[in-house]
Amino acid sequence: MFRRCCSFASTARPVATDLIARYVSRGDVPRRCVSKELERGFEAASCKPRVLPEGTKADDGIYALKPRPNLSPSEMNATPSACEDYLDEREIELPHPLDVCTEDLSDIGAPLTPTFTFAKYANKSRTIQELVKLGVALYKFEAQEGMVQYILNLDFERDVMPYIRFLHDCGVPADYLGEFITKNPNIFKEDMDDLHTRIRYLRAHNYSKSMIQTIICKNPNWLLYSTKDIDNRLGYFQSNFKLRGKEVRFLTVKGPKVVTYRMVHLLENTFSIKEEMGFGQTQVKRLLLRLPKIWTKNREKLLSTFEYAHNEMQLQHDFIVQTPHVLLCRKTRLEQRHLFLVELKKAQYDPSKPMYVSPRALISGTDVDFCRDVAQTSTDVYNAFLKTF
């Protein structure tokens, strides 16, 4: 069997012989595993001209390969030996471990694995670099499930630039783009045609460009709502609060977040203001147009503040409508400052009488401002009073 292999190797095509020779020369297997007789057969075969083998049957029944020329004599003479057809890789000089490296190896490193932060991709992702230049607070996205992977998959030129141009055309200032995207990163998931339709809806209802700019800057999530949802919500305010078209536009510009707030919460606060607090239809309408933020406050806290202002401070409904900011104050803060004025005998909230104290001034500013402008005393006296409160 071994002699048959040697006979085949000695008459095989030089191409196959070259492959075997290269494997032997570069392989990790010790060369002592190859017999000297087989090596001599390789060397003899590599120096012969390239021919195609032809099988002949010997006396013992074993086929032997008979050379058959397939090249012309001139080509056979011009063909170099197979020993020169390949490069001996053992002659390549490898650098030493402590040699100074002159190649740029900055792109060579471990593959980037899934992560919950953007820091790992800061030097690799152009989208991350450009968003940082815009002033986007990327760290706020890391708490949202799936948002990191979504932002990393965005191509800046294809997936981000069209939306930036759209926002710029809508009037969003360049220095506000970062804050806008921070508050509403889901805008990149919206179809561009839908966004243009939502802007055209506002223009069709007589909203000016400055109004649209104010709406989307105050409430970046406005663009996530379809025109059908916006139309239903504006219809709710118009029908339930008896608003005219001009008043609906005024409400939308003054409090765009109220329009897109949770409808269940809006219904609860409307019921509380009308039924539990006792405001009339006209008073409720005036409250909505003066301070729509009231409809976004917690119902229990809102009712608690109203009861103290109405029952303890003796503020009437019409007076609260004139100064509705008192309903946004915490009950504890309102109670502390009111009782301190009672202690000083300065709790006078009737504008027709002298020594009038505005409820807006009562709840505004820091304790230092309150003591200096309203109570007209030192903060030490006020802090001493709070210790006994």
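Asp 159 is buried in this predicted model, its relative accessibility being 19%. The residue counts as buried because its value falls under the 20% cut-off. Its partner in a salt bridge is Arg 158, with the side chains meeting at 3.0 Å, N to O. Arg 158, in contrast to this buried partner, is exposed, and its relative accessible area is 55%.

A salt bridge also joins the side chains of Glu 247 and Lys 285, where the N to O distance is 3.2 Å. This pair links distant parts of the chain, the two residues being 38 residues apart. Glu 247 belongs to helix α12, which covers residues 245-254, and Lys 285 belongs to helix α15, which covers residues 281-290. Glu 247 is buried, at 13% relative accessibility.

Within helix α5 (residues 126-134), Arg 126 and Glu 130 lie four residues apart, and so about one helical turn separates them. Their side chains form a salt bridge at 3.9 Å, N to O. Arg 126 is partly exposed, with 40% relative accessible area, whereas Glu 130 is buried at 17%. The two residues also take part in a network of salt bridges that includes Lys 133 and Glu 157. In total, the structure contains twelve salt bridges, among them the Arg 126 to Glu 130 contact, the Asp 159 to Arg 158 contact and the Glu 247 to Lys 285 contact.

Backbone geometry was examined at two loop positions. Asn 206, a residue other than glycine, has a positive phi, near 65 degrees. Its place in the chain is the loop that runs between α9 (192-204) and α10 (209-218). Asn 206 is exposed, with a relative accessibility of 57%.

A positive phi also occurs at Gln 314, again in a residue other than glycine, with a value near 60 degrees. Gln 314 is located in the loop between α16 (299-312) and α17 (317-322). The relative accessible area of Gln 314 is 52%, and the residue is exposed. Both Asn 206 and Gln 314 count as exposed because their values are over the 50% cut-off.

Technical notes:
Residues numbered from 1 in each chain as written. Predicted model: local features only at pLDDT ≥ 70, side-chain atom pairs only at ≥ 80, totals over all residues. Heavy atoms only, no water. Salt bridge = Lys/Arg side-chain N within 4 Å of Asp/Glu carboxyl O. Buried < 20%, exposed > 50% of the residue type's maximum accessible area, 1.4 Å probe, protein only.
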